[in-house]
Amino acid sequence: MIDHIDIVTTHQCNQSCNYCIDPFRNTSKKIIDIEKVAEFLASIREKTEEKLTVLLLGGEPTLLSKQKLKQLTNTIHEYGFRASISTNGQLWRKAIKIAPFFDTIQVTIDDFDQIPLLYDIKDKVNVKMPGDEYMNWQRLTEFMEETKDFYRQSVPMYFNPQTFEELCEDRYVWDFLDSLSWKRDGSYKYAFYGKIRFKKCIPGETNIIDEPKIPKLYPNGNYNCNWQDETMNNYLNLSYQNI
Ligand code: SF4
């Protein structure tokens with residue numbers, strides 16, 4: 001029942017997004033050790049034979065050296081998992097250089113000028129546009145058209161985690177989203193329009209802090225399933241049968 005595996009490679013970041021959920025952003029320069037990654041993946045491999053995706057994120061994972069990213073992806077592949085990375089695309093030249101190491105790359109764009117820069121690696125890029133307060137019908141339709149040749153397109157609709165109020169207030173966007181067929185997965189809902197994947201919260205239920213189906217390894221070497229608590233919690237061994 002594990003959805004995928006997160007590795008928080010560093011809390012260093014070169015951006016300050018309004019929807020960021022990393023409470024430790026830029027509080028430390030620590031970078032994940034390869035030995036800790038191997039130990040973590042070995043413990044998950046004991047639980048499942050599935051070829052799950054291991055997602056490198058942060059902070060901003062492209063701030064790691066090219067050599068370190070190569071070592072990380074080699075380790076992920078040695079354990080029979082798929083390697084992916086989630087980047088804000090600011091270091092797009094580096095993203096292109098490291099693309100051969102990865103099976104897929106998630107790039108969140110906030111500026112459409114970034115799109116042509118990624119065209120050489122479009123076959124493995126899942127290009128994401130944040131559904132935040134800047135989202136409107138014109139931006140959404142432009143995004144759908146400009147990125148239609150990419151491997152995948154995604155639009156997560158962001159919300160206030162306390163009130164569950166959606167950040168996007170554009171009526172035309174919501175009329176369109178309300179016309180789609182939504183399915184539940186965990187505490188979120190998903191819908192497709194062609195190959196574009198939309199995601200939205202379920203008011204009163206969505207939990208952005210604890211994600212029991214997504215094991216997480218942190219730069220300090222501990223693992224858990226939580227975005228705000230990086231103490232060690234070997235919950236997979238304790239409660240795997242209940243996940
Ligand atoms: S790029 Fe990621 S880690 Fe950095 S501020 Fe944005 S959401 Fe947070």
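**Figure 1. Helix 1 and helix 2 run roughly parallel to each other.** This close-up comes from a predicted model, as do the others below. Two packed helices are described by the angle between their axes and the distance between the axes. Here, helix 1 covers residues 34-45 and helix 2 covers residues 66-78. Their axes cross at roughly 20 degrees and come within 10 Å. Angles under 35 degrees count as roughly parallel, so that label fits helix 1 and helix 2. As for handedness, the crossing of helix 1 and helix 2 is right-handed.

**Figure 2. A closer look at the residues where helix 1 meets helix 2.** On the helix 1 side, look for Ile 34, Val 37, Ala 38 and Leu 41. Across from them, helix 2 brings in Gln 71, Leu 72, Thr 75 and Ile 76. What classes of residue make up this contact of helix 1 with helix 2? Six are nonpolar and two are polar, with no charged residues.

**Figure 3. Eleven names to find: the residues around the ligand start at Cys 13 and end at Asn 88.** Moving along the chain, you'll pass Cys 13, Gln 15, Ser 16, Cys 17, Cys 20, Asp 22 and Arg 25. Then come Gly 58, Gly 59 and Glu 60, and Asn 88 rounds off the list. Sorted by class, this shell has five polar, three nonpolar and three charged residues.

**Figure 4. Two backbone oddities, at Gly 59 and at Asn 26.** Most residues other than glycine have a negative phi, and most peptide bonds are trans. The bond from Gly 58 to Gly 59 goes the other way: this peptide bond is cis, with omega near 20 degrees. You'll find Gly 59 in the loop between strand 2 (53-57) and helix 2, and Gly 58 and Gly 59 are both among the residues around the ligand. Asn 26 isn't a glycine, yet its phi is positive, at about 60 degrees. Asn 26 sits in the loop between strand 1 (5-8) and helix 1.

**Figure 5. Where domain 1 touches domain 2.** Domain 1 is made of two stretches, 1-108 and 208-243, while domain 2 is 111-207. Taken over C-alpha atoms, the centres of domain 1 and domain 2 are 22 Å apart. Domain 1 gives 17 residues to the contact and domain 2 gives 18. On the domain 1 side, helix 3 (92-98) and strand 4 (104-108) each supply at least two residues. Which element has the largest share of that side? Strand 4 does, with five residues. By class, the domain 1 side has nine nonpolar, five polar and three charged residues.

Definitions and conventions:
Residues are numbered from 1 along each chain as its sequence is written. This is a predicted model: local features need pLDDT of at least 70, side-chain atom pairs count only at pLDDT 80 or more; totals for chains, interfaces and linings use all residues. A residue is near a molecule or strand if its C-beta atom, placed from the backbone, lies within 6 Å of it. Ala, Val, Leu, Ile, Met, Phe, Trp, Tyr, Cys and Pro count as nonpolar, Asp, Glu, Lys and Arg as charged, and the others, Gly among them, as polar. Domain bounds come from an automatic or database domain assignment. Two residues are in contact if their C-beta atoms, placed from the backbone, lie within 7 Å. Helices (H or I, at least four residues) and strands (E, at least two) are DSSP runs, numbered from the N terminus. Axes are lines fitted to C-alpha atoms, for helices over the stretch in contact, and angles run from 0 to 180 degrees between N-to-C directions. Angles under 35 degrees count as roughly parallel, over 145 as roughly antiparallel, 65 to 115 as roughly perpendicular and the rest as oblique. A crossing is left-handed if the near helix is turned anticlockwise from the far one by less than a right angle, and right-handed if clockwise.
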